[in-house]
Every structure is written in structure tokens, then in C-alpha cells.
Amino acid sequence: MKNIPKSTGRLVGVLSLAAGTLLTGCAGGYDGWNSPSTGSMSPQSAARMSRWQDLERRVMAALSADPRVGAHGLKAEVQSEGVVTISGTPANGTGGRDLALQIARSVPGVRQVVNNMLMN
């Protein structure tokens, strides 16, 4: 086996330590809510997530309440505060799509509706 210079051995050791630290630090992951996933999120993130989930439920309830929409193939997702994206395929064509957009805009808390619906 070749003799490895002492400085190279130290460099390998430092790089190994740095890589191990980096990988260990990344093991916690990222929860998508601007904080490391440590098993809990900040109170602000939890409150925001709760508001967004509530808004998604209210939009879906409003869409489902009108049979002309054909909401069973739709999904409402909050992208940011008050911005709701509707995706999927409305069962009742362009009429269902247009009505879904109108109904979603009328839900309190919705500032903007993004149309990602697909038509058959």
C-alpha cells in the first residue's frame, strides 16, 4: 500500500467529517412550511396551515353543494393566503368549470382563483 502524505489524510478526514455533518443535518428534512421538520412546526406555520385547510374545505363544500358543478372530480388547494387553485375535471363540461370558478370566488377568504381544470 502506498504511503499517503499526512496532509492528504487530514483533508480526507475533514471532508469525511463535513459530509457526515451535512448528511446528519439533512436527515430532519424539510416540511414545506419554512421550518425544519423536527416533529413540530412553529405556531405561525400551524395557524397558517389550519387556515388554508379550512379554506380548502369551505371551497370544496361550496363546490359540492351545487350538483351542476360536478365537483367529485375536482380538488381545491390553497397556494398562498387567499389564493385557491382548482384542478381536476368537472363532470359537467365548460358550464361546470365556469360555475366552479364563480362559486369558489364567492367563498369568504378567497381573493383569487387559479383555474387548472382540464376539459374532456
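Trainee: Why is R97 called partly exposed?

Mentor: In this predicted model, R97 has a relative accessible area of 22%. Buried means under 20% and exposed means over 50%, so R97, at 22%, falls in between and counts as partly exposed.

Trainee: And what makes the contact of R97 with D98 a salt bridge?

Mentor: The closest N and O atoms of R97 and D98 are 3.0 Å apart. The cut-off is within 4 Å for a side-chain nitrogen of Lys or Arg and a carboxyl oxygen of Asp or Glu, so this pair qualifies. D98 is partly exposed too, because its relative accessible area of 41% lies between the 20% and 50% limits.

Trainee: How many salt bridges does the structure hold?

Mentor: There are 4. One of them joins the side chains of R51 and E81, at 3.1 Å from N to O. This pair links distant parts of the chain: R51 sits in helix α2 (residues 43-65), while E81 is in the loop between β1 (74-80) and β2, 30 residues apart.

Trainee: Are R51 and E81 buried, exposed or partly exposed, and how do you know?

Mentor: Both are partly exposed: R51 has 42% relative accessibility and E81 has 37%. Neither value is under 20% or over 50%, so the middle class applies.

Trainee: What makes R58 and D54 a salt bridge?

Mentor: Their side chains meet at 3.0 Å, N to O, which is within the 4 Å cut-off, so the name fits. Both residues lie in helix α2, 4 residues apart, about one turn of the helix. R58 counts as partly exposed at 32% relative accessibility, and D54 likewise at 32%.

Trainee: Now for a strand residue. Why is T85 called buried?

Mentor: T85 has 9% relative accessibility. Buried means under 20%, so T85 earns the label. T85 is placed in strand β2 (residues 83-88). Setting aside residues up to four places away in sequence, T85 touches K75, A76, E77, Q79, V114 and N116.

Trainee: Which residues touch the most other members of the largest nonpolar core?

Mentor: V59, L63, V69, L74, V84 and I86 do, out of 20 residues in that core. At least two residues each come from α2, β1, β2, α3 (93-106) and β3 (112-117), and α3 gives the largest share, 5 residues.

Trainee: What is L74 in contact with, beyond its neighbours within four places in sequence?

Mentor: The contacts of L74 include M60, L63, V69, I86, A100 and M117. S87, G88, T89 and P90 are also among them.

Methods: Residues numbered from 1 in each chain as written. Predicted model: local features only at pLDDT ≥ 70, side-chain atom pairs only at ≥ 80, totals over all residues. Heavy atoms only, no water. Buried < 20%, exposed > 50% of the residue type's maximum accessible area, 1.4 Å probe, protein only. Contact = heavy atoms within 4.5 Å. Core = buried A, V, L, I, M, F, W, Y, C linked by side-chain atoms within 4.5 Å.
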